[in-house]
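This report walks through one protein model for a reader who has not seen it before. The sequence and structure come next, followed by short sections on separate topics.

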Amino acid sequence: MDQLTLELARVLPAAPRVVFRVFTDPSELARWWGPDGFTTPSVDFEPRVGATYRIEMVPPEGDPFHLTGEFRDVEPPARLAFTFVWENPDPDDVETLAALSFRDLGESTDVELTQGTFKTEARRALHRDGWTDSFNKLATLISADR
């Protein structure tokens, strides 16, 4: 059976320490997390192995919802991994592991994301779209802050 794993890579225009900070500082994360049009009014996110996190997301139209998980790997500024599960999940949702690596390219950082394993292609596509929008917003934010 095909393993439904999401793999994305993005080069961001800042050093790994800066990119890692915007991934791990709750106030920074709230500025760019989620698909286009979504807001993140509440971010409880303090990366320590074994600690849990919770992010509130609000779509452009609709009720707030939350995602939660546990940190599995925290190695600043090179790696970050956490479980990812929706509160009140869709029947096709399962807990996944999101693993990020941050590779130093000098003035920029190569960010590689692997997340999975998903139960359906539709759920993988939903996460692909969300991460793509998030990475786009993050790239714009980092460029504007430079």
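## Unusual backbone places

Thr117 sits in the loop that links E7 to H3. The model is a predicted one, and in it the peptide bond running from Gly116 to Thr117 is cis, with omega near 0 degrees. A second cis peptide bond is found between Pro76 and Pro77, where omega is about -10 degrees. Pro77 belongs to the loop between strand E4 (65-75) and E5. As background, most peptide bonds are trans, and most residues other than glycine have a negative phi.

Asn88 departs from the second of these habits: its phi is near 55 degrees, a positive value in a residue other than glycine. Asn88 is part of the loop between E5 and E6. Is Asn88 buried or exposed? With a relative accessibility of 76%, Asn88 counts as exposed, because the cut-off for exposed is over 50%.

## Strand pairing

Strand E5 (residues 79-86) runs antiparallel to strand E6 (residues 96-104), and the two are paired over 6 bridges. Within this pair, Leu80 has Leu100 of E6 as its bridge partner.

E6 also pairs with strand E7 (residues 109-116), again in the antiparallel sense, over 8 bridges. Asp104 has Thr109 of E7 as its bridge partner. The hairpin of E6 and E7 has 4 residues between the strands, and Gly106 in this hairpin takes a positive phi near 90 degrees.

## The nonpolar core

Which residues have the most contacts inside the largest nonpolar core? They are Phe23, Trp33, Ile55, Phe82, Leu100 and Trp131, in a core of 37 residues. Helix H3 (residues 121-145) contributes the most to this core, with 6 residues. In soluble globular proteins, nonpolar side chains tend to be buried together.

Phe23 shows how distant parts of the sequence meet here. Setting aside neighbours within four places in sequence, Phe23 is in contact with Leu12, Leu29, Trp32, Phe45, Leu80, Leu100, Phe102, Val111, Trp131, Phe135 and Leu138. Both residues of the Leu80 and Leu100 bridge are thus among the contacts of Phe23.

## Helix H1 and the loop before it

Helix H1 (residues 16-24) is largely enclosed by the rest of the structure, because 7 of its 9 residues are buried. The buried residues are Pro16, Val18, Val19, Phe20, Val22, Phe23 and Thr24.

Ala14 is located in the loop between strand E1 (6-12) and H1. Ala14 has a relative accessible area of 6%, so it falls under the 20% limit for buried. Apart from residues up to four places away in sequence, Ala14 touches Val19, Glu107, Ser108, Thr109 and Ile142. One of these, Thr109, is also the bridge partner of Asp104. Ala14 is 78 residues from Asp92 in sequence, and their C-alpha atoms are 36 Å apart in space.

## Ser134 in helix H3

Ser134 is placed in helix H3. Its relative accessible area is 3%, and Ser134 is therefore buried. Which residues is Ser134 in contact with, leaving aside its neighbours within four places in sequence? They are Trp32, Trp33, Gly34 and Pro35. Trp33 was named above among the residues with the most contacts inside the core.

## Cavity and pocket

Rolling a probe the size of a water molecule over the atoms shows where empty space is left. The count is 1 cavity of 30 Å³ or more, and the largest cavity has a volume of about 60 Å³. Its lining includes Phe84, Val85, Trp86, Asp92, Asp93, Arg123 and His127. E5 supplies the largest share of this lining, 3 residues. By type, the residues lining the largest cavity are 5 nonpolar, 3 polar and 4 charged.

The largest pocket has a volume of about 350 Å³. It is lined by 19 residues, and Pro35, Met57, Phe65, Trp86 and Leu126 lie nearest its centre. H3 gives the most to the lining of the largest pocket, with 6 residues, and E5 and H3 each supply at least two. The lining of the largest pocket divides into 10 nonpolar, 5 polar and 4 charged residues. Trp86 is found in the lining of the largest cavity and in that of the largest pocket.

Definitions and conventions. Residues are numbered from 1 along each chain as its sequence is written. This is a predicted model: local features need pLDDT of at least 70, side-chain atom pairs count only at pLDDT 80 or more; totals for chains, interfaces and linings use all residues. Side-chain values use heavy atoms; hydrogens and water are left out. A nonpolar core is a set of buried Ala, Val, Leu, Ile, Met, Phe, Trp, Tyr and Cys residues joined through side-chain atoms within 4.5 Å. Buried means under 20% relative accessible area, exposed over 50%, partly exposed in between (1.4 Å probe, protein chains only). Contact means heavy atoms within 4.5 Å. Two strands pair if DSSP finds at least two bridges between them. On a 1 Å grid over the protein atoms alone, a cavity is a set of points where a 1.4 Å probe fits but cannot get out, and a pocket is an open set with protein on both sides within 12 Å along at least five of seven lines; lining residues have an atom within 4 Å of a point. Grid points are joined across faces, edges and corners, and a volume is the space filled by probe spheres set on the points. Ala, Val, Leu, Ile, Met, Phe, Trp, Tyr, Cys and Pro count as nonpolar, Asp, Glu, Lys and Arg as charged, and the others, Gly among them, as polar.
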